[in-house]
Amino acid sequence: MSLIMWVHVIFGTLAVLAGFMALVAPKGQAWHIRAGKLYVLTMLIMAAAGGLAALLLPQAINVFAAGLTAYLVMTAWHAANKKQLGRDPFEIISCVFILTIASICLGIGVEAMNSAEGAYHGYTYDAYFIIGGIAAFAALMDISLLIRGNVAGKQRIARHIWRMSVSYFIAVGSLFEGPGAQAFPDFLRESGVLGIPAPLVILFMLYWLIRTLMPRPGFKFSH
């Protein structure tokens with residue numbers, strides 16, 4: 001692997017470890033916050049390295065994935081650190097950014113689907129639809145926020161949870177099933193075990209979303 005890819009894999013590994021600590025730590029407590037800060041830093045470095053490597057290859061899908069990942073991390077962190085979200089410049093710029101990614105990615109997906117190869121830059125159209133679909137969903141949530149002009153309380157925390165979780169899902173997938181999988185022995189890659197962590201992230205996300213949006217009596221989620 002190139003130096004850029006090593007940076008991508010190393011910081012991706014650190015991000016996965018930091019994300020795991022943040023995932024299991026008591027929410028809103030010091031350990032959770034410290035792990036979250038480390039996660040944000042390592043994820044942004046991982047995304048930058050991955051995006052740069054993708055530009056050099058070129059691999060359009062991974063440029064979009066890097067942009068989506070950085071966006072999710074930054075907007076999730078922003079949601080965690082503000083008591084109320086509204087029509088501030090950060091939210092407007094974020095919405096325009098992710099809407100642009102969604103539009104271009106889905107457009108390339110349609111173009112690839114109608115091409116003879118059914119692919120673009122070595123990736124089939126469904127990969128573009130997946131990344132573009134996630135970006136489009138995030139853009140719709142941003143548009144909803146801008147229309148309402150006021151998101152706080154449980155909705156703000158839910159926004160933080162699902163965005164951090166999806167970014168973590170991308171990091172876990174990159175480590176265990178993407179470029180990082182090269183670091184694992186062949187028998188592990190062939191066993192299918194490396195495909196288990198990513199779905200578990202989604203299950204954890206659903207668990208915390210349910211706990212946040214429909215808390216049990218006596219349960220309090222603070223951040």
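Me: Where is the place of proline 58?
Reply: Heads-up before the answer: this is a predicted model, where local features need pLDDT of at least 70, side-chain atom pairs count only at pLDDT 80 or more, and totals for chains, interfaces and linings use all residues. Residues are numbered from 1 along each chain as its sequence is written, and side-chain values use heavy atoms, with hydrogens and water left out. Helices (H or I, at least four residues) and strands (E, at least two) are DSSP runs, numbered from the N terminus. On that numbering, proline 58 belongs to the loop between α2 (30-56) and α3.

Me: What is the omega of the peptide bond from leucine 57 to proline 58?
Reply: That bond leads into proline 58, in the loop between α2 and α3. The bond is cis, with omega near -5 degrees.

Me: How many residues of α3 are buried?
Reply: Helix α3 covers residues 60-80 and reaches 30 Å from its first C-alpha to its last, close to the 30 Å expected at 1.5 Å a residue (1.5 Å times one less than the number of residues). Buried means under 20% relative accessible area, exposed over 50% and partly exposed in between, with a 1.4 Å probe and protein chains only. Helix α3 is largely enclosed by the rest of the structure, because its count of buried residues is 16 of the 21.

Me: Is alanine 80 buried or exposed?
Reply: Alanine 80 is in helix α3. Its C-alpha is 29 Å from that of glutamate 177, which is 97 residues away in sequence. With a relative accessible area of 8%, alanine 80 is buried.

Me: Which element gives the largest share of the largest nonpolar core?
Reply: A nonpolar core here is a set of buried Ala, Val, Leu, Ile, Met, Phe, Trp, Tyr and Cys residues joined through side-chain atoms within 4.5 Å. This one has 27 residues, and Phe64, Leu68, Leu72, Ile98, Tyr128, Ile131 and Trp162 touch the most other members. At least two residues each come from α3, α4, α5 (125-148), α6 (153-176) and α8 (197-213). The largest share, 7 residues, is from α3.

Me: Which residues does leucine 72 contact, leaving aside neighbours within four places in sequence?
Reply: Leucine 72 is among the members of the largest core that touch the most others. Counting contact as heavy atoms within 4.5 Å, leucine 72 meets Trp162, Arg163, Val166, Ser167 and Ile170.

Me: How many residues are in the other core?
Reply: Apart from the largest core lies another, with Tyr39, Val172, Phe176 and Val201 among its members. Its residues number 19.

Me: What does serine 94 touch, not counting residues up to four places away in sequence?
Reply: Serine 94 is part of helix α4 (residues 89-113), and at 9% relative accessibility it counts as buried. Other buried residues of α4 include Cys95, Ile98, Ile101 and Ala102, and the cover over the buried residues of this helix includes α3, β1 (84-85), β2, α5 and α6. The residues that serine 94 touches are Tyr71, Thr75 and Asp142.

Me: Which elements give two or more residues to the lining of the second largest pocket?
Reply: On a 1 Å grid over the protein atoms alone, a pocket is an open set of points with protein on both sides within 12 Å along at least five of seven lines, where a 1.4 Å probe fits, and lining residues have an atom within 4 Å of a point. This pocket holds about 290 Å³ of space, the volume filled by probe spheres set on the points, which are joined across faces, edges and corners. Of its 14 lining residues, Met141, Gln155, Ala158, Arg159 and Trp162 are the closest to its centre. The elements giving two or more are α5, α6 and α8.

Me: What is the phi of histidine 121?
Reply: Histidine 121 is in the loop between β2 (119-120) and β3 (123-124). At 34% relative accessibility, histidine 121 counts as partly exposed. Although histidine 121 is not a glycine, its phi is positive, at about 55 degrees.

Me: How far apart in space are isoleucine 147 and glycine 86, C-alpha to C-alpha?
Reply: Isoleucine 147 is in helix α5 and, at 62% relative accessibility, counts as exposed. In sequence, isoleucine 147 and glycine 86 are 61 residues apart, while in space their C-alpha atoms are separated by 8.9 Å.
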